[in-house]
Amino acid sequence: MFTTVWEYEVGPEQRSKFIEIYGASGAWATLFRRAAGYRETILLQDVGDPERFMTLDRWDSRHAYEEFLESHQSAYQALDRKTTGLTRAERHLGMLLE
(Lines give C-alpha, C1' and ligand atoms only; values in the text may rest on other atoms or scores of the structure.)
Protein backbone atom coordinates (compact mmCIF):
# COMPACT_ATOMS: atom_id res chain seq x y z
CA MET A 1 0.00 0.00 0.00
CA PHE A 2 1.16 3.52 -0.84
CA THR A 3 -0.40 6.76 0.43
CA THR A 4 0.36 10.32 -0.59
CA VAL A 5 -0.61 13.03 1.92
CA TRP A 6 -1.51 16.67 1.21
CA GLU A 7 -2.41 19.52 3.57
CA TYR A 8 -4.68 22.44 2.61
CA GLU A 9 -5.75 25.71 4.16
CA VAL A 10 -9.28 26.58 3.02
CA GLY A 11 -11.22 29.74 3.82
CA PRO A 12 -14.84 29.52 4.98
CA GLU A 13 -16.14 30.91 1.68
CA GLN A 14 -14.60 27.99 -0.27
CA ARG A 15 -15.08 25.19 2.27
CA SER A 16 -18.16 23.49 0.81
CA LYS A 17 -16.79 23.59 -2.76
CA PHE A 18 -13.43 22.27 -1.55
CA ILE A 19 -15.09 19.35 0.27
CA GLU A 20 -17.14 18.56 -2.83
CA ILE A 21 -14.09 18.47 -5.13
CA TYR A 22 -11.52 16.91 -2.78
CA GLY A 23 -13.74 14.38 -1.00
CA ALA A 24 -14.07 10.66 -1.71
CA SER A 25 -16.66 11.25 -4.46
CA GLY A 26 -15.14 14.44 -5.81
CA ALA A 27 -13.40 15.39 -9.02
CA TRP A 28 -9.93 14.32 -7.86
CA ALA A 29 -11.05 10.85 -6.77
CA THR A 30 -13.01 10.51 -10.02
CA LEU A 31 -9.84 11.26 -11.98
CA PHE A 32 -7.78 8.84 -9.88
CA ARG A 33 -10.35 6.07 -10.49
CA ARG A 34 -9.32 6.05 -14.15
CA ALA A 35 -6.08 4.34 -13.11
CA ALA A 36 -5.40 0.79 -12.09
CA GLY A 37 -4.10 0.60 -8.56
CA TYR A 38 -6.09 3.48 -7.07
CA ARG A 39 -7.86 2.49 -3.84
CA GLU A 40 -9.41 5.53 -2.16
CA THR A 41 -9.20 9.14 -1.10
CA ILE A 42 -9.75 10.10 2.53
CA LEU A 43 -10.49 13.74 3.36
CA LEU A 44 -9.78 14.86 6.93
CA GLN A 45 -10.69 18.15 8.62
CA ASP A 46 -8.72 19.37 11.64
CA VAL A 47 -10.99 19.41 14.72
CA GLY A 48 -9.05 22.32 16.20
CA ASP A 49 -8.82 24.37 13.01
CA PRO A 50 -11.79 24.02 10.61
CA GLU A 51 -9.81 25.73 7.84
CA ARG A 52 -7.15 22.97 7.78
CA PHE A 53 -7.71 19.80 5.73
CA MET A 54 -5.66 16.79 4.70
CA THR A 55 -6.12 14.27 1.94
CA LEU A 56 -4.77 10.75 1.91
CA ASP A 57 -4.78 9.21 -1.56
CA ARG A 58 -4.23 5.47 -1.31
CA TRP A 59 -2.77 3.31 -4.07
CA ASP A 60 -1.72 -0.31 -4.41
CA SER A 61 1.89 0.81 -4.85
CA ARG A 62 4.09 3.80 -5.51
CA HIS A 63 4.54 2.43 -9.03
CA ALA A 64 0.75 2.55 -9.64
CA TYR A 65 0.68 6.17 -8.43
CA GLU A 66 3.61 7.19 -10.62
CA GLU A 67 2.09 5.43 -13.65
CA PHE A 68 -1.12 7.36 -13.06
CA LEU A 69 0.77 10.67 -12.94
CA GLU A 70 2.56 9.87 -16.17
CA SER A 71 -0.42 8.58 -18.14
CA HIS A 72 -2.93 11.19 -16.92
CA GLN A 73 -0.65 14.21 -16.78
CA SER A 74 -2.77 16.50 -18.96
CA ALA A 75 -6.03 15.69 -17.13
CA TYR A 76 -4.27 16.16 -13.77
CA GLN A 77 -2.90 19.55 -14.80
CA ALA A 78 -6.29 20.65 -16.17
CA LEU A 79 -8.05 19.77 -12.91
CA ASP A 80 -5.30 21.45 -10.91
CA ARG A 81 -5.84 24.67 -12.91
CA LYS A 82 -9.62 24.39 -12.49
CA THR A 83 -9.33 24.14 -8.70
CA THR A 84 -6.88 27.04 -8.35
CA GLY A 85 -8.26 29.52 -5.84
CA LEU A 86 -10.08 26.99 -3.65
CA THR A 87 -7.21 26.95 -1.18
CA ARG A 88 -5.16 29.62 0.53
CA ALA A 89 -2.24 27.21 0.73
CA GLU A 90 -1.43 23.61 -0.06
CA ARG A 91 1.55 21.48 0.80
CA HIS A 92 2.58 17.93 -0.05
CA LEU A 93 3.42 16.48 3.37
CA GLY A 94 4.87 13.22 2.17
CA MET A 95 4.21 9.60 1.40
CA LEU A 96 3.40 6.66 3.62
CA LEU A 97 4.91 3.35 2.60
CA GLU A 98 2.96 0.52 4.16
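This passage describes a four-stranded sheet, the strands at its centre, and two residues, Asp57 and Ala75. The model is predicted, so local features need pLDDT of at least 70 and side-chain atom pairs count only at pLDDT 80 or more, while totals for chains, interfaces and linings use all residues. Residues are numbered from 1 along each chain as its sequence is written, and side-chain values use heavy atoms, with hydrogens and water left out.

Helices (H or I, at least four residues) and strands (E, at least two) are DSSP runs numbered from the N terminus. An open sheet of 4 strands is formed in the order β2-β3-β1-β4, with antiparallel pairing; two strands pair if DSSP finds at least two bridges between them. Strands β2 (38-45) and β4 (89-97) stand at the edges with a single partner strand each, so one side of each has no neighbour in the sheet. Neighbouring strands are turned by 15° against each other on average, direction ignored. Axes are lines fitted to C-alpha atoms, for helices over the stretch in contact, and angles run from 0 to 180 degrees between N-to-C directions.

Strand β1 (residues 2-9) pairs in the antiparallel sense with β3 (residues 52-59) over 8 bridges, and with β4 over 8 bridges, also antiparallel. Within the pairing with β3, Phe2 has Trp59 as its bridge partner and Thr3 has Arg58. On the β4 side, Thr3 stands opposite Leu96. Of the 8 residues of β1, 7 are buried, where buried means under 20% relative accessible area, exposed over 50%, and partly exposed in between (1.4 Å probe, protein chains only). Helix α1 (residues 15-22) lies across β1, β2, β3 and β4 and runs at about 160° to β2.

Asp57 is found in strand β3. Asp57 is buried yet has no salt bridge, that is, a side-chain nitrogen of Lys or Arg within 4 Å of a carboxyl oxygen of Asp or Glu. The nearest side chain of opposite charge is that of Arg58, 9.3 Å away; Lys and Arg count as positive and Asp and Glu as negative, with His and the chain ends not counted. A polar contact of 2.8 Å joins the side chains of Asp57 and Thr41 (a pair of N or O atoms within 3.5 Å; within protein, one must be able to donate a hydrogen and the other to accept it, and residues adjacent in sequence count only if both atoms are side-chain atoms).

Ala75 belongs to helix α4 (residues 73-82) and is partly exposed, with a relative accessible area of 23%. Leaving aside neighbours within four places in sequence, Ala75 is in contact (heavy atoms within 4.5 Å) with Leu31 and Arg34.
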